[in-house]
Amino acid sequence: MGRTANPDIRRAFEEFQDETTPSKCNKVRCLHCGFVRAKNTTRQIEHLNACEAYLTSDEGIQALHVTQQGDQTEENGDSNGTTANPSASDTNGAPSSSASAMFNGTRPNPNLQVHRRGPNQNKRARDGAHIEPMPPPPMMPPAMPHVMPSLTGHLLGKYAAAFTAATQQPFLSHAGCATLAAAPLSQWLIQDAHYARGYISFIGQLLGKIRLPAVKNSAFHPMYRTTDLLISATNNIRREMSFFEITAAKYALHMSDEQPSPITRSYLDLFVSASGSAASLLEGMVVLWATEHCYCTAWHYAASFSNTLSNPSSLTSEPHIAALHQALIPNWTSPAFIKFVESCRSIVDELANASTGGNGKEDLARCESVFAQICWLEERFWPNVDGMGEEDETGRHAGGGHGGGFRGTPVAQSASRASVGSATQRTHESPYAAHAGGSGSGSGTRASPIALAAVGAAAATAATATATAE
């Protein structure tokens, strides 16, 4: 059905074409007040309803009278229980006043439903069936926060049992309870001095692997941050060597010229292997972080027994116990050392996530291998002690390395120390064979974060299944 012209509108407005505009749009001018606007029937009707000149004219008065008659007719129809049909005609076939007003634009069609910003909600199909409105889109679950993959977290999760064994030895619990004998402490200090000297060479080799690019802000570049960390590590270990000398002299601790034990030699060989040309910088940094993290965790374990001291007077009567609780334990549980260990962990994760080349699976396997070796060596680096805190000769390995001995804390053993016999000997197979002699093997490339995340998830699943089976 085509659109019909409204005679009332045509009589009240003059239509013309504006030649001054590029579009030459059609415009209308009110013949009563001279108002000019673009041609639009709805807006023209709105103008007439507000135009004083039109409302006071004969045409305006007549249109108002017709509208009032239509309202009265509709009210009468409602009161009689009938609904006025605005489209109905009288007996003569002429449109009613209500219909006339509606068609003139002064009364909207009550059956017209307009949704200018959406579909007609009462729209019906051709067969008359009601069309249901479109359902709202499903609510999307909240986006999970983006978490960067963590190589250190993966290693600690996969080798949790080995790490616990490396950091919770009887030597440490006796040290915290002030029941450790002087001989095991002197033995550990001698071997740790060999470790410290090898540590300096290890850091120097890692520094030689770094290639510093030209950047505008070096403080945020991984290679420069790694360089700063390694320089700090060198300064720290040099101060620690002086700290050992001062502590031994102050507390009269016995320091001999004993050669490195087989376990200490294995540790030094691991330093050479992890910093060699066949190893990547990431692999070497994993070794650095793992050793420092083991030390920090182990001495915190020892410090946790300080509140169970059975003989507080021994701190002043026994020089080696005083050295433990006044110098050694505070040194490796200090906030400065904790911050340094956290910096090592942050750099390792940053290097792993920043690497884009190489075989990710192979590099991840090598990082896992060196971490497992560190845990194995740390567990045996602590001297063997029996239930009395004395050096346990029977608990040594056949090769003469440290480790083994009676497990369990001195607190639990205090009631039965007299019945404690010789310690049981551990017979773990060393995973260090892959790096014996500092040879090592591998591509020397860095791990891809995508491959690390994928393989890490698979490794975590396999570790969980193994733990369940056991």
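In helix α8, the buried residues are P170, F171, L172, S173, H174, A175, G176 and C177. That is eight of eight, so α8 counts as mostly covered. Right after α8 comes A178, with a positive phi of about 65 degrees. Keep in mind that this is a predicted model.

Helix α7 spans residues 160-167, and its buried residues are F163, A165, A166 and T167. Which helices help cover them? The cover includes α6 (151-158), α8 (170-177), α12 (281-303) and α16 (360-381).

Now the whole chain. The protein chain has 18 helices and three strands. Of its 470 residues, 40% are buried. Among contacts with a separation of 6 or more, 72% join residues 24 or more positions apart. The accessible surface is about 25,800 Å², and carbon and sulfur atoms hold 55% of it.

Next, the aromatic rings. The whole structure contains 26 aromatic pairs. Two of them are set out here.

| Pair | Centre to centre | Angle between planes | Type |
|---|---|---|---|
| Y195 and Y199 | 5.9 Å | 45 degrees | tilted |
| W289 and F371 | 5.6 Å | 15 degrees | stacked |

Why is the W289 and F371 pair stacked? Its planes are 15 degrees apart, and planes under 30 degrees apart count as stacked. W289 sits in helix α12 and F371 in helix α16, so this pair ties together parts 82 residues apart in sequence. W289 is buried, at 0% relative accessible area. F371 is buried too, at 1%.

Y195 and Y199 both belong to helix α9 (residues 182-209). They are four residues apart, which means about one helical turn separates them. Both Y195 and Y199 are buried.

How values were computed
Residues are numbered from 1 along each chain as its sequence is written. This is a predicted model: local features need pLDDT of at least 70, side-chain atom pairs count only at pLDDT 80 or more; totals for chains, interfaces and linings use all residues. Side-chain values use heavy atoms; hydrogens and water are left out. Buried means under 20% relative accessible area, exposed over 50%, partly exposed in between (1.4 Å probe, protein chains only). Helices (H or I, at least four residues) and strands (E, at least two) are DSSP runs, numbered from the N terminus. Contact means heavy atoms within 4.5 Å. Accessible areas come from the Shrake-Rupley method with a 1.4 Å probe; for residues, only the protein chains shown count as cover. Rings of Phe, Tyr and Trp (its six-membered ring) pair if their centres lie within 6.5 Å; planes under 30 degrees apart count as stacked, over 60 as edge-to-face and the rest as tilted.
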